[in-house]
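Here are my notes on the model, set out as numbered points. Please read them alongside the sequence and the coordinates.

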Amino acid sequence: MSLIRLALPVYVELLTAVVAVGLIDLFWVSGLGGPAVAAVTIATTVEHLALGVVLAVGTGTTIVVGRRDGSGPLTPVVRTAWLLWAVVSLAVTVPGVLAREPLAALFTDDPATAALTAEFFLVSLAGIPVFYAQSLTDGIFKGRGDTTTPMRVALLCNVLVIALDPLFIYSFGLGVQGAAWATVLARAVTLALSLTLLLRRTPRDARQGPNRRDAVEILRAGLPLSGDFLARSLVGMTMVGVVSGFGVAVLAGYGIGLKIMLAGVMAFYALRQASTIQTARSGEAGPALPYGLLTGLVVGVVLALSARGVTGLFTDDPDVTDAAVGFLRWMPLYLVPFGGLIAVGGAFQASGRGGRLLAATLTGFAAQLSCAYFLGPLLGVTGVWLAMAAGAAIALTLVLVPVSSSSLRLRAWRARRGSGPRTAPGRGPRSTRTTAVRRSCR
């Protein structure tokens, strides 16, 4: 199973589902003024953080379904995953909707912006179950080796948001809240399509309902990735505070540079999901590490060479432009180890070594922040960029030093053997697995 064949649809999906929807909403509300843009920025940032909570269920389901597909019944796993989805959705949605006004006030002191943010939250947080359900549905498809269907659904969702945003924002006169309604409705339509396809393609191979054993296995597989995601979000917020100490222009340049870099970084996460799927299904991690390092090098070089031209699309301020260009030209030192770390992380996750990966990542973060606070006063903002590279390099080193590809295969094999019912400890015949994959990829 080719990593690239799996990763390319995931890359498109991530760009459209994670990045594009927020940008589309920002584009359409920009005509409502600065407070509206700020409100949508805050709300989509909070939604991105909320995604980290459900990753434990979605990614864990991908891994467990991948281990069971062709070797054991999938129905109990899927039903258990939907029960976990209901619990997590309720735990996030109810407090979020009830506390939407205090939550909005945490991110802004401007009353008008806070009020608009709270209006957006009322709809967007109430629609979190739809967002989470789509994430879980995509995870089930991916566990069966199908990354194309989630990509197509994400593209359809973007088309719907583009069409519905002006209708709800301007034609219906709903303003900022109209953007939230358009997004939730688009997601609901695409979710209905996804569920229909899932019911057609997933065999009903057992009558068992949700069970504790599958819930533990899903959470054990997915929680390290969820912790990694949330930790990265918190470190990102801390880095904003560090960079802000060098002035508004540097902070603005850093923000622009991050947005530009995000398009390349999504390739790392696509490789990560691909290596997760491949390791869970076959026990073979594939060349995830060299692919990740090479992708990091390519992305870093392209960003460094195109930094000034691309940055000019976002700002005319020469100080901000210089800050963004300086940031992007130092980033190859960071992106090479970061690309390797993210790509190989999928193999660790699927082979039962997610805890080790999370520990190495947290150690790298601690080193990054320590170096940033130490090197910043000595080298200026360049010291902060070097600290990012040092943290990523340390994390990758801690992950790789004691590990060989053979140990990854052995652990993945043991994880598969230990998953599922006792009557089906191993995988099915090759012909059975091939049929399952072809059926799920139509």
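1. At roughly what angle do the axes of H9 and H10 cross, and within what distance do they come? The model is a predicted one. In it, the two axes cross at roughly 160° and come within 11 Å. An angle over 145 degrees counts as roughly antiparallel, and H9 and H10 are therefore roughly antiparallel to each other. The crossing of H9 past H10 is right-handed. On the H9 side the contact is made by Leu-225, Asp-228, Arg-232, Met-239, Val-240, Val-243 and Ser-244. H10 contributes Val-250, Leu-251, Tyr-254, Tyr-269 and Arg-272.

2. Overall composition. The protein chain has 17 helices and zero strands. Of its 442 residues, 53% count as buried. Taking contacts between residues at least 6 apart in sequence, 84% join residues at least 24 apart.

3. The largest nonpolar core. This core has 42 residues, and Val-29, Phe-120, Phe-121, Ile-128, Tyr-132 and Ile-218 have the most contacts inside it. At least two residues each are supplied by H2 (34-68), H3 (75-98), H5 (111-124), H6 (128-143), H8 (176-201) and H9. H2 gives the largest share, 12 residues. Setting aside neighbours within four places in sequence, Val-29 is in contact with Ala-36, Val-37, Val-40, Ile-169, Tyr-170 and Ala-179.

4. Another core. Apart from the largest core lies another, of 35 residues; Ile-256, Val-320, Met-388 and Ala-392 are among them. Val-320 is one of the buried residues of H12, while Met-388 and Ala-392 are among those of H15.

5. Helix H15 (residues 381-400). With 20 residues at 1.5 Å a residue, H15 should span 28 Å; the end C-alpha atoms are 30 Å apart, which agrees. Its buried residues are Gly-383, Val-384, Trp-385, Ala-387, Met-388, Ala-389, Gly-391, Ala-392, Ala-395, Leu-396 and Val-399. Which helices do they pack against? The partners are H9 (212-244), H10 (248-282), H11 (288-311), H12 (318-330), H13 (332-350) and H14 (354-379).

6. Helix H12. The same check applied to its 13 residues gives an expected span of 18 Å, and the end C-alpha atoms are 18 Å apart, which agrees. Val-320, Thr-321, Ala-323, Ala-324, Val-325, Phe-327 and Leu-328 are buried in H12. These buried residues pack against H10, H11, H13 and H15.

Terms used:
Residues are numbered from 1 along each chain as its sequence is written. This is a predicted model: local features need pLDDT of at least 70, side-chain atom pairs count only at pLDDT 80 or more; totals for chains, interfaces and linings use all residues. Side-chain values use heavy atoms; hydrogens and water are left out. Helices (H or I, at least four residues) and strands (E, at least two) are DSSP runs, numbered from the N terminus. The expected span of a helix is 1.5 Å times one less than its number of residues. Buried means under 20% relative accessible area, exposed over 50%, partly exposed in between (1.4 Å probe, protein chains only). Contact means heavy atoms within 4.5 Å. A nonpolar core is a set of buried Ala, Val, Leu, Ile, Met, Phe, Trp, Tyr and Cys residues joined through side-chain atoms within 4.5 Å. Axes are lines fitted to C-alpha atoms, for helices over the stretch in contact, and angles run from 0 to 180 degrees between N-to-C directions. Angles under 35 degrees count as roughly parallel, over 145 as roughly antiparallel, 65 to 115 as roughly perpendicular and the rest as oblique. A crossing is left-handed if the near helix is turned anticlockwise from the far one by less than a right angle, and right-handed if clockwise.
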